[in-house]
Structure formats: C-alpha cells, structure tokens
Amino acid sequence: MGKKDKKRKSSVSRSRRREKKEKKKAEKKRGEKEEKRRKKARSDERSDSSSSKGKGKAKESDSSEVEDVPPKVTPPALVAPAVTASLVPLIVSGCQNPTISDIVKGTYFRHGSNHGKPVYKKKLEEVSDDDDLDVLIYYWDDRDGEENCGWWFSPSVGGEMVWAFHPSRKATTPPPAEWNVPHDGPIDKSFSVTAAPELTKKAAEKDHDDDEDEEEEEEEEEEDEEVPKPKEEVKEVEPLPDLTGLSPEEKELALQEAEDRRLMQQIKQRELERKRKAEELSQLRLKKEQEQKALEVEEKKKKKQRNKEQKKKEKEEKKRKEEERLQREREEEDRRREEDERRRKREEDERRKRDEEEKLRREEERRKEEERRKEEEKERAEREERRRKREEEERLREEEEKRR
C-alpha cells in the first residue's frame, strides 16, 4: 500500500512539475513574441519615418517623435514582466511555535493575486510528501469586517484554517515583521518575511538547465503509466498582421487584436489541457479505487483465515485446558482417596490400640479387685478366727468361772 501511495503522489508531483514547466515555457514564448513584435513595430516606424524625410523639416520632427515613442505595452499579465517587488520570491523564517514553523518556513513564489494584491505559494519541493496542504500568503480586504482585513498564512485563499496574521492594509506585499503567530496570539518578534531577489535569477537558470532532464524523465514516466492520453490538437500560430501603411494607433490596435486572438487560443489550449489532466486524475482515482477494493478483498480473506486459525487455536487451547482440569481433578480425587484411606487406617490403629489398652486396664482392675477381695476375705477369715477364739476363750472363762 505504501508503494502505491508513493506512486500516486509521484504522479501528482510530476503533473505539477509539467504544469509549472508549461507555464514557464508559455511565459517565455510570450515574452519572446512580445519582444519580436516590439522590434518589428519599431523597425516599421523607422522605415515610415525614413520614407517621409524628403517631405520637410516638420515631417522629420514628427517622424522622430514617432520613433522615440515606444508602442503601448500590453498588460503585465499577458507578457513576461520585469522583476518587480511583487514578483520577488520571499523567504519565511524564524518562529517560536515549532509546529507552525515546520509548516510555514521556506521559500515562496508569486501565485496569482487576491483583492488587488499578490498571492504567494510555498515552493513545492519544500512541502513534505506526506502533507497535501498548500501554504499560501494572501491579502484579504475588509469585506468580512475590519478584524479580518490584512495578510494571512493559510492552505487556501479565504480558508478557515490559518496559521499567522498581520493587520497591515497599506503594504502591497507581505510585511517583513510583527506577525501574530498563531493568528489569534501575540506578535512573534522572531518571525520574519524577507525578499530574496537573487532567487529569481537562480530559479530561472535552474529551470532552464533542468528542462531537458525533466522532459526525458517525464517521457519515461509517461511510458510506465497506463493512462490513455487524448490527442492534443496542434494549432498553427497566427502570423502577425501586415502593419505597413498603418498609423501607430492602428498598428497598436491591430497588434492588440492579434494578441487577444492568441490569448484566446492559449486559453482554449489550457482548457483542453485541464480537461485532459482531469481525465487522467479521474482514471488514476478509479485505478486507485479498484486497487483499494482488491486490497480490501484480500485483507478480508486474510482476516477470515486469521479468524479461522484463531478460533481453531482457541478451541484446541480450550480442549487442552479442559483435559488439564480433568487430569487435576482426577489427581485431586486420588489424593483425597489416599488421604482418607490413610486417615481411616490411622484411626483404626488408634481405636485398636485404645481397645487393647482398655482391655489391659480392665484386666488389671479385675486382678486388683480379685486381690482386694481375697485380702478382704482373708481379713474377714482372720477376724472371724479371732472372734471365734475370743468367744472360745470367753466360753472357757465362763465355764471356768462356773466351775469355781
């Protein structure tokens, strides 16, 4: 599952790189075409002025004035603009809150505008692969209240999740210091937003050097992908209109109309490209859902097998415990039986011993009683003998007395 997620994220990053490269190429081509158009307009004006030199001094002065006046330049959004303050990259650094610092610190480049002021987006390479959130710096006016007016750090313009806030209204670019971090907290003095004009040239050089490598890498990656791509319509570049014999205002108008037609053509091409990318993403999403379903089915099978094995183990464990319990009960019963048998024998021995002792004691008592009775009979016989003797003596004495 992890490899598939990485593959999906890498395809998304590749689409982002392709989109970024295409934008840079389009801006570069627009700049080159605009430069060629201006050079051609100047050369036409010079040729017109040179053809009118023989018509008098006044016309020469008029032609010189026309030669010095540059043609009207189309709006900056339509051509490759010069490096201005709003196009200079920004570097965000320093933050006392470690969580917010990990999110917002990095390099930011111009990314459109909102409420009349530029929007900046954090460089894609500095965003973690595990974090799908973009980080933007944008301005919000007082349409939702004065307390919401100022510069914000957020993953989306006007989003509910915000990380930092600055209440400045006059600044045309994000202020360099005195930001509230978090947005409802105190001012973080260590938090800074600094301009880095040197990164503009370095980024352009790096992009130019990496164009060929990226094209080769993208071709290899596109061969690995199974997503079918619709054929793009190849449209011919509309040639510049013939400007000979036209006044400067008419030339400017014709060039503007040609530029508008070219821009409409580019808008249609971008719309086709967006549809193609949306179809690719939907097919990737469908493929991911199918893979996810297959993984879920496989996981259910594995879970069912694990449950079955677990139940079998529990049943065997229960049976083993029951056998052990019965074995313990039998052993306990045998032990109790042996104990009872020993106790019964011991009690029987003690009773027999007591009976013998009682018998001996009775015999001894009978013997003693017999001896005592014999003694008594002997004493009684002796007493009887003595009484008889006394009686005999008395009888004899009485007879003696009678004889006297």
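1. Order of elements. From the N terminus on, the chain of this predicted model runs α-α-β-α-β-β-β-β-β-β-β-β-α-α. That comes to five helices and nine strands. Helix H5 covers residues 248-403. Strand S2 covers residues 106-114.

2. Burial and surface. The chain has 404 residues, and 22% of them count as buried. About 30400 Å² is exposed. Carbon and sulfur atoms supply 49% of that area. Take contacts between residues at least 6 apart in sequence: 51% of them join residues at least 24 apart.

3. Main nonpolar core. The largest nonpolar core holds 20 residues. Those with the most contacts inside it are Val92, Val104, Tyr108, Ile137, Phe153, Trp179 and Phe191. Four elements give two or more residues each: strand S1 (90-93), helix H3 (98-104), strand S4 (136-140) and strand S5 (150-154). As background, nonpolar side chains in soluble globular proteins tend to be buried together.

4. Second core. Another core lies apart from the largest one. This second core has seven residues. Val119, Leu136, Trp152 and Val162 are among them.

5. Val104 up close. Which residues does Val104 contact, leaving aside its neighbours within four places in sequence? The list is Val92, Lys122, Val135, Phe153, Trp163 and Phe191. Val92, Phe153 and Phe191 also appear, with Val104, among the residues with the most contacts inside the largest core. Lys122 is one of the contacts of Val104 too, so do not read the list as nonpolar throughout.6. Asn114. This residue lies in strand S2. Is Asn114 buried or exposed? Asn114 is buried, at a relative accessible area of 14%. The cut-off for buried is under 20%, and therefore Asn114 qualifies at 14%. Not counting residues up to four places away in sequence, Asn114 touches Val119, Tyr138, Tyr139, Trp140 and Val157. Val119 is also one of the residues of the second core.

7. Salt bridges overall. How many salt bridges are there? The count comes to 32. One group forms a network: Glu332, Glu333, Arg335 and Arg336 are linked by salt bridges.

8. Asp141 and Arg143. These two residues form a salt bridge. The closest N and O atoms are 2.8 Å apart. The partners sit in opposite classes of burial. Asp141 counts as buried, at 17% relative accessibility. Arg143 counts as exposed, at 54%.

9. Asp349 and Arg352. Here the closest N and O atoms of the salt bridge are 2.5 Å apart. Asp349 and Arg352 are three residues apart in helix H5, so about one helical turn separates them. Asp349 is partly exposed, with a relative accessible area of 40%. Arg352 is partly exposed as well, at 40%.

10. Arg361 and Glu365. This salt bridge has its closest N and O atoms 2.5 Å apart. What separates Arg361 and Glu365 along helix H5? They are four residues apart, which means about one helical turn. Arg361 counts as partly exposed, at 38% relative accessibility. Glu365 counts as partly exposed at 42%.

Conventions: Residues are numbered from 1 along each chain as its sequence is written. This is a predicted model: local features need pLDDT of at least 70, side-chain atom pairs count only at pLDDT 80 or more; totals for chains, interfaces and linings use all residues. Side-chain values use heavy atoms; hydrogens and water are left out. A nonpolar core is a set of buried Ala, Val, Leu, Ile, Met, Phe, Trp, Tyr and Cys residues joined through side-chain atoms within 4.5 Å. Buried means under 20% relative accessible area, exposed over 50%, partly exposed in between (1.4 Å probe, protein chains only). Contact means heavy atoms within 4.5 Å. Accessible areas come from the Shrake-Rupley method with a 1.4 Å probe; for residues, only the protein chains shown count as cover. A salt bridge is a side-chain nitrogen of Lys or Arg within 4 Å of a carboxyl oxygen of Asp or Glu.
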